[in-house]
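User: I would like to go through this model by question and answer. Please keep the replies short and end each on the value or name I ask for.

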Amino acid sequence: MTNRIDEAQAIVVFGAQWGDEGKGKIVDRLATEMDVVVRASGGANAGHTIMVDGAKHVFHLVPSGILHEHVTCIIGNGCVVHLPSLMDELSTLRKKGIDPRGRFFISDRAHLLFEHHILADKMQEEKRGNKIGTTCRGIGPAYEDKVSRRGIRAGMLVGNFEAFAARLQENITRRGIRHGFTIDAASELTLYRDLVEEFTDIIVDTTEILHTAYHSGKKIMIEGAQGALLDIEFGTYPYVTSSNTTTAGACSGTGLPPKFIDYSLGVIKAYTTRVGEGPFPSELHDEDGEKLRERGHEFGATTGRPRRCGWFDAVVARHTAKITGADGWNLTKLDILTGFETIKIVTDYILDGERMANFPADTSLLDNIETEFVELPGWQEDLSKCRNFDDLPENAQRYCREIENLTKVPIHSIGVGSDRDDLIMM
């Protein structure tokens with residue numbers, strides 16, 4: 001084990017807030033030194049955006065390490081995969097001159113997501129009294145089938161199509177009865193029969209690939225999706241996703257044991273955002289919140305929904321640091337704070353006059369808390385050309401040091417612009 005990322009053989013990069021922290025850029029940067037990049041959880045409800053020489057690349061299922069020709073990319077067993085959407089994503093890559101053949105694989109243990117999951121997701125969200133804010137991409141119902149032991153693994157598609165067809169027909173019928181909709185099962189089966197040949201050499205035992213790579217000295221990065229506050233166990237339940245988005249999920253979602261992981265890098269935005277419903281103690285409902293949204297282009301890469309915006313929340317960061325064992329922070333979008341006269345950081349939650357010791361499991365308590373802030377002076381200088389910490393204005397440096405002090409985790413890198421090179425490595 002090492003606390004230096006440059007000495008690590010296997011690392012995890014995870015979101016440390018409610019997702020949308022801008023993980024794609026640091027994953028892209030670190031991928032230059034990696035041999036394998038693997039996704040461990042979630043599905044097409046994730047979205048990583050990377051700007052390369054002004055060109056935008058948006059990823060939903062494919063690991064963003066695919067932009068580097070030497071990198072093998074894997075969708076791990078912890079993910080749920082909608083193959084038609086994946087086909088569209090791979091087609092877009094090929095049109096941009098990026099050929100994933102021979103270096104892109106899907107775990108045969110990953111569960112498949114189908115049209116009936118998407119329809120069920122939409123109908124369930126519409127009927128909820130308290131909406132969760134799901135992306136309606138079918139993720140929840142797919143994981144529901146997985147844990148109820150009636151899901152369909154990718155390996156069944158390419159290994160036993162007759163069993164695949166029977167299970168899919170059964171699941172479509174069950175969902176249709178439960179939710180009152182009809183799907184043309186014959187068309188679905190025809191679609192997936194046509195995909196068998198396309199994916200025969202792609203759907204494989206990826207855990208074996210990962211272990212072989214590790215034992216041969218290759219460098220591996222596990223690329224997180226969503227954020228730790230959306231984790232099914234430790235997030236703001238029930239306003240969470242359906243998978244484990246922490247470092248623990250990185251292991252269970254790939255088949256790599258915890259002892260292989262040398263470094264855990266949490267990605268935190270210099271302010272806080274969340275999409276969908278649920279508690280958000282530092283949320284701003286004023287001009288500052290709107291300014292953050294507009295300047296930060298805070299609209300979901302997957303859904304286009306406007307993100308709720310607020311000041312940086314150190315209570316959230318301390319909680320995620322504790323449950324993930326964060327070794328360092330990648331602080332993103334520091335440049336968006338340029339122009340504010342003063343900037344606030346939430347330091348503590350107060351409930352009934354008492355300071356809360358921990359982030360609560362009963363997230364309804366967050367509706368009644370007061371937040372304590374520290375207020376810091378802002379800066380007016382453009383940060384986009386800064387490449388060393390000392391290049392930053394004094395007040396920006398002070399802001400970064402305050403985050404380190406409040407969270408007890410050192411900053412590893414800082415994002416100061418939208419392009420892949422707008423990054424300070426500490």
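**Contacts, strands and backbone**

Analyst: A starting point is H111, which touches C79, V80, V81, K146, G151, I152 and R153, leaving aside residues up to four places away in sequence. The model is a predicted one.

User: Is H111 buried or exposed, and what is its relative accessible area?

Analyst: H111 sits in strand β8, residues 111-112. The cut-off for buried is under 20% relative accessible area. H111 falls under it and is therefore buried, at 8%.

User: How many helices and strands does the protein chain have, and how does its radius of gyration stand against the globule rule?

Analyst: The secondary structure comes to 12 helices and 20 strands. For 426 residues the globule rule gives 22 Å, and the chain is close to that, so it is as compact as a globular protein of that length. Its radius of gyration is 21 Å.

User: What does the C-alpha trace of the protein chain span along its principal axes?

Analyst: The spans are taken along the principal axes of the C-alpha trace. They come to about 65 × 50 × 40 Å.

User: What share of the contacts with a separation of 6 or more joins residues 24 or more positions apart?

Analyst: Buried residues make up 59% of the 426 residues in the chain. Among contacts with a separation of 6 or more, the share from residues 24 or more positions apart is 76%.

User: How far apart are the mean positions of the positive and negative charges?

Analyst: The chain exposes about 17,700 Å², and carbon and sulfur atoms supply 47% of it. It carries 48 positive and 63 negative charges. Their mean positions are separated by 3 Å.

User: What is the strand order of the open sheet of 10 strands?

Analyst: Strands of a sheet pair through backbone hydrogen bonds, either parallel or antiparallel. In this open sheet the pairing is mixed. The order is β9-β7-β5-β2-β10-β1-β11-β15-β19-β20.

User: Which are the edge strands?

Analyst: An edge strand here pairs on one side only. Two strands of the sheet do so: β9 (203-204) and β20.

User: Which residue in β10 is the bridge partner of V36?

Analyst: Strand β2 (residues 36-39) runs parallel to β10, with four bridges joining them. On another side of the pairing, β2 and strand β5 (residues 72-75) are parallel over four bridges, and V36 stands opposite T72 in β5. In β10, the partner of V36 is I220.

User: Which residue of β10 stands opposite I11?

Analyst: Strand β1 (residues 10-15) pairs with β10 in the parallel sense over four bridges. Within β10, the residue opposite I11 is M221.

User: Which residues of β10 are buried on each face?

Analyst: Strand β10 covers residues 220-223, and both of its faces are covered. One side carries I220 and I222, all buried together with the other side's M221 and E223.

User: How many residues of strand β19 are buried?

Analyst: Strand β19 covers residues 411-415. It is largely enclosed by the rest of the structure, because the buried count is five of the five.

User: What are the bridge partners of S413 and I414 in the strands that pair with β19?

Analyst: Strand β15 (residues 328-332) pairs with β19 in the parallel sense over three bridges, and there S413 partners N330. Strand β20 (residues 423-425) runs antiparallel to β19, also joined by three bridges. In β20, the partner of I414 is I424.

User: What separates the C-alpha atoms of F312 and K122?

Analyst: F312 lies in strand β14 (residues 312-313). It is buried, with a relative accessible area of 0%. K122 is 190 residues away along the chain, and the C-alpha separation is 32 Å.

User: Which residues does the cis peptide bond join?

Analyst: Most residues other than glycine have a negative phi, and most peptide bonds are trans. Here a bond with omega of about 10° is cis. P238, in the loop between β10 and α9 (247-252), is one of its residues; the bond joins Y237 and P238.

User: What is the relative accessibility of H297 and of D352?

Analyst: H297 lies in the loop between α10 (287-295) and β13 (308-310), and its phi is positive, about 50°, although it is not a glycine. D352 lies in the loop between β16 (342-351) and β17 (354-355), and its phi is near 50°. Exposed means over 50%. Both count as exposed, H297 at 60% and D352 at 75%.

Technical notes: Residues numbered from 1 in each chain as written. Predicted model: local features only at pLDDT ≥ 70, side-chain atom pairs only at ≥ 80, totals over all residues. Heavy atoms only, no water. Buried < 20%, exposed > 50% of the residue type's maximum accessible area, 1.4 Å probe, protein only. Pairing = 2+ DSSP bridges. Rg over C-alpha atoms; globule rule 2.2 N^0.38 Å. Contact = heavy atoms within 4.5 Å. Areas by Shrake-Rupley, 256 points an atom, 1.4 Å probe, with all protein chains shown as cover. Lys, Arg positive; Asp, Glu negative; His and termini not counted. Charge placed at Lys NZ, Arg CZ, Asp CG, Glu CD.
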